[in-house]
Amino acid sequence: MSTEPETTQDAEPGTPGADTAVDAPEPTGEGVDGAEARSGDGDVPAGEGTEPDAGTAGTGEGGEGGTQLSEAAAELAAQRVERERIERRKAEKQAPIEAGGKLSGTAADLLAAVRAVESGEKPVTTAFREPDPAPRRAAPEPVRRPQPVPALTAPAPGAPETVAAVRGVLAGGGAPEALAAPVVAVLGEGAEGLLREDPWQLLRVPGVRPEQADGFARALLGAECRPDDERRGTALTVWLLEQAAVAGHTALDAPALAAALSRHTVPDPDEAVQSALAEGEALVFQDALDDAPPVPAQAAEDDTEEPQERPVRILIGLERYALAEESLADGLARLMNSVPKEDGSAADWERAAASAPRSAGELVRAVAGHGLVLHTGGEASRSEAAALLHAARALGLRGWAAAHTAGGRDGFAARREPAGDAADGATGGPATGAATVAGLLSGTEGPGRDADGALDLDVLVVLDAPQLDVETAAMLVESLPDGARLVLSGDPGVLWSAGPGRVFADLLATRACPQVASRTPDPGPIGELVSGIGIGELNQVEAPGKEVVIVPVRDAGEAVHRTVQLVADSVPRAIGVPPEQTQVITPGHGGAAGTRALNTALKERLNPGPGRFGGFDPGDRIVHSPAPGRVLPGRVVKADAEGLHLDCAGGPVVVAKERVEQTVRHAWALTAHQAVGLRWPAAVVVLPGDAAAALSRPWIYTAFGRAERHLSVVHGVEQALPHAVAEVPQKPRTTRLQALLKAQTPTAD
C-alpha cells in the first residue's frame, strides 16, 4: 500500500451514502464472526437507557486497589450517606407522598395500600377504606448537608461458612454454585434462610432472569410452587421496576407494570403490586396530568358542591429513586427561591456581561440574578461557560466547573480566555478550576467542603448536564451552599444519562428557571453535519479536507474489515491521525460488528498478544468502569499477582484478578453511551446492516459528534440512517421530576 495519502477524484466527501472512502480498497470479505447479539425482552416500556452493558463493564463496586479504588469507594460511600440523609428527611415530612382526591378502581386500591403501609397495617385485597385527604406538602426545610466521606476499602466478602451454606441451597435448587458469593453480597449473612423461605429472592442478584428464579423455586418448593404465589408476585414487581430503572425510568405507570406482570404469567397483577406495596418494596404516587381540561370560571363559581376531580396518573416506583427525585426537586426549588450571594454590584455584572464574547454575555446576565440557570449548546458553547467562570472569578466569586468525564474536565481546564475579552482586562489565563462530577462529590477533586459539609464554592457550572441521573443530581444539588449559583450546561441533543431519569430534559420542559441558548456554532464540516442532525436533517456538507467520509459496506464482515483498515492504515496516512487517537463507535456490544467483534479484530492488528491475563496484554486500549455509569479510558500497563495494572486518565489503577471480567473491557471500539462526554481527533462510526433498528437521532448525533478533525462513517444501513435522523427521537422515559417541580413552582408555566 502506498505511503502517500490517496485521494479519490470522483468521490463526494461529506455526502451520506456517497461511494467515498479514505484509501478504501476493494472489499475482501474478511471479517470477524461477532459475539452474540443481545436484545431486550420487552418486559418494561422501552427507554433510551443504555446499550447492553453500556457505560459499564459490570455492576460491581470496589475490589480494585490503588488510587482509583479510593475515589470509587469514596463516591459510593458518599451516595450511601446521602441516601440515608434523604430517607431521614422524608420521614420528618408530614406528607411523604402527596396524594389524595377521590379515586376509584385500581387507583383507589393502590392509594389505600400505601396508606395502610404507612399506618403499619397490611391491606386486604377485597375491602379498602377511603383515604383521608392528604395535608398540603410542607415547604422544604433547611437540612444538614453531607460531610465529606473518607476513602473506604472494598466491602469484605461473606463469611466462608455463609457462602458454603448458600452454595448448598443453590445446588439443591439446580442453580449455579458460582452464584453463592453474589447472593451473600446482596442478601447478607442470612442469605441461606431467606432463599429457603423465599426462593424468588434469587431475582435480586444481578443477571438472574425470572424463568431461572422460577426453576429454582420449583426445585426447592415442589408442588407448593405456584404462579400466584405472593412471594413470586412481589419479587417480579421489584425486578420489573429495577429493569425499568436500567432503561432510564424512575417509575412505571401502573397499567404498564400490570401488563408486564401479566406477560410473566402473574394471575392477578394488581394483587401482586399491592403485596409489594404492603411489604414496603415499592411506593405508589399520583401525579396530576398536564393535559387535564381546565374548569371554566363560571362553572367553578356556580359549583357549590364538591370540586371536580383532576385527572391523575398512578405511578409505581422504587423508594431509592422516589426519594432522590423528591430531594432533587426540593433542592432545585431552594436554589431558585434563594437570593444568590452578592459579590459586586449590578453594574459590575453588567460590565462583565458586556465584555464577554458572543452569547456568553447573556449567560453572565442570567447568572447574575438567579440561583439556577440552564445553558444549552454544542461543544463550542463551552467557551461561554469558561467566560462565565472567568467573570465570576473577577468579581471575587469562587467558581468551579464539573464535567462528566476526566477527558471533559481536562479539556475544559485547558481553555483560555481570548486576549482582551477578560472582564478584568487580563490577557488570558485558565478559566477556572475543573473537576469531574464524581470527584467533586467524593471529595477527591474540587474545592472541598466547608464546615457545614457544603461544597466550598459560589458558582458551579455542570458540563454534560444531560448525563446527570436523578441520584447524582440530587447529591450534587444538596451539596451546594445557600446562595450558590448553579448552571446546568449541556447539549440537549445527546443521549441521556446511563442511570435513571432525564434531569436536564425535565428542567428544560418545565421552564422553571432562565434558559440561555448558545449562538456559538460548532466549527467545520463536522460541526455543520452534526448541527443538521440535531434538527432532524442529514445534510450534504462540503469537506475539502476529507473531514467527513462515507465508506459503504455490504455486510458486517466487510464492515469489520473496512473499520480495521481505516484505523490502522487509511486515517493515519491520509488524515495524519494515529490509531491511538482514533475511536471506533458502534451501536452495541454484541453482533457481528459490535464492540466485541471489532475489538477482537483491532487488537489482532494493533496489539496482538495471547491475552494471558483475562484476555488482556500490556498496551491494550481499555475502559475501566469502577462503578455503574463510570467510564475511564486507559491502557494496560502490566499484570502481576496484585492484578491488572492500568493507566487511566493519567492515574494508576490496579484491578484485582476476580474483578477484571466485570470492570474492564477493550476499548478500540465503544458504544455511543460509553463515548458520551469524550472526544477524539478522529472517529470511525460503524453502522452495520443489523444495527438499523437500534439507530435514533440522539444516537447518531452523539456518535458523529465525538469526532474533532475527521469522521469516517462505515455505512451499511442504507436509508435507515436518514430515516433515523428525521423520524426517530429519544425514547421516552417515565419520571416524576416535572410534576414535582410544577407542584413547588406553580407559576413555572
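Here's a quick tour of some strands, a helix pair and two unusual loop residues in this structure. Keep in mind that this is a predicted model. One thing to look at is an open sheet of six strands with parallel pairing. Another is strand β20, which has seven of its nine residues buried. After that come helices α7 and α9, whose axes cross at roughly 80°, and then Thr265 and Asp464.

**The six-stranded sheet**

- Reading across the open sheet, the strand order is β7-β6-β8-β9-β5-β10, and the pairing is parallel.
- The edges are β7 (433-436) and β10 (515-517), each of which pairs on one side only.
- On average, neighbouring strands in this sheet are turned by 20° against each other, ignoring direction.
- If you zoom in on one edge, β6 (residues 399-403) runs parallel to β7 and is joined to it by four bridges.
- Ala403 has Thr436 as its bridge partner in β7.
- As background, strands in a sheet pair through backbone hydrogen bonds, in either a parallel or an antiparallel way.

**Strand β20 and its partners**

- β20 covers residues 707-715, and seven of those nine residues are buried, so the strand is largely enclosed by the rest of the structure.
- One partner is β11 (residues 548-552), which pairs with β20 in the parallel sense over five bridges.
- Val548 is matched with Leu711 of β20 as its bridge partner.
- β19 (residues 680-687) also pairs with β20 in the parallel sense, over seven bridges.
- Here Leu687 sits opposite His715 of β20.
- Add helix α24 (residues 697-704) and you've got a right-handed β-α-β unit made of β19, α24 and β20.

**Where α7 meets α9**

- The axes of α7 (residues 230-246) and α9 (residues 269-278) come within 8 Å and cross at roughly 80°.
- That angle makes α7 roughly perpendicular to α9.
- From α7, the contact uses Glu230, Gly233, Thr234 and Thr237, while α9 brings Ala272, Val273, Ser275 and Ala276.
- Sorted by type, the residues of this contact are three nonpolar, four polar and one charged.

**Two loop residues with positive phi**

- Thr265 has a phi near 55°, a positive value in a residue that isn't glycine.
- You'll find Thr265 in the loop between α8 (254-263) and α9.
- Asp464 isn't a glycine either, yet its phi is positive at about 55°.
- Asp464 lies in the loop between β8 (459-462) and α17 (470-478).
- With a relative accessible area of 14%, Asp464 counts as buried, because the cut-off for that is under 20%.

Methods. Residues are numbered from 1 along each chain as its sequence is written. This is a predicted model: local features need pLDDT of at least 70, side-chain atom pairs count only at pLDDT 80 or more; totals for chains, interfaces and linings use all residues. Side-chain values use heavy atoms; hydrogens and water are left out. Two strands pair if DSSP finds at least two bridges between them. Axes are lines fitted to C-alpha atoms, for helices over the stretch in contact, and angles run from 0 to 180 degrees between N-to-C directions. Buried means under 20% relative accessible area, exposed over 50%, partly exposed in between (1.4 Å probe, protein chains only). A crossover is right-handed if, with the strands pointing away from the viewer, the path from the first strand over the helix to the second runs clockwise. Angles under 35 degrees count as roughly parallel, over 145 as roughly antiparallel, 65 to 115 as roughly perpendicular and the rest as oblique. Contact means heavy atoms within 4.5 Å. Ala, Val, Leu, Ile, Met, Phe, Trp, Tyr, Cys and Pro count as nonpolar, Asp, Glu, Lys and Arg as charged, and the others, Gly among them, as polar.
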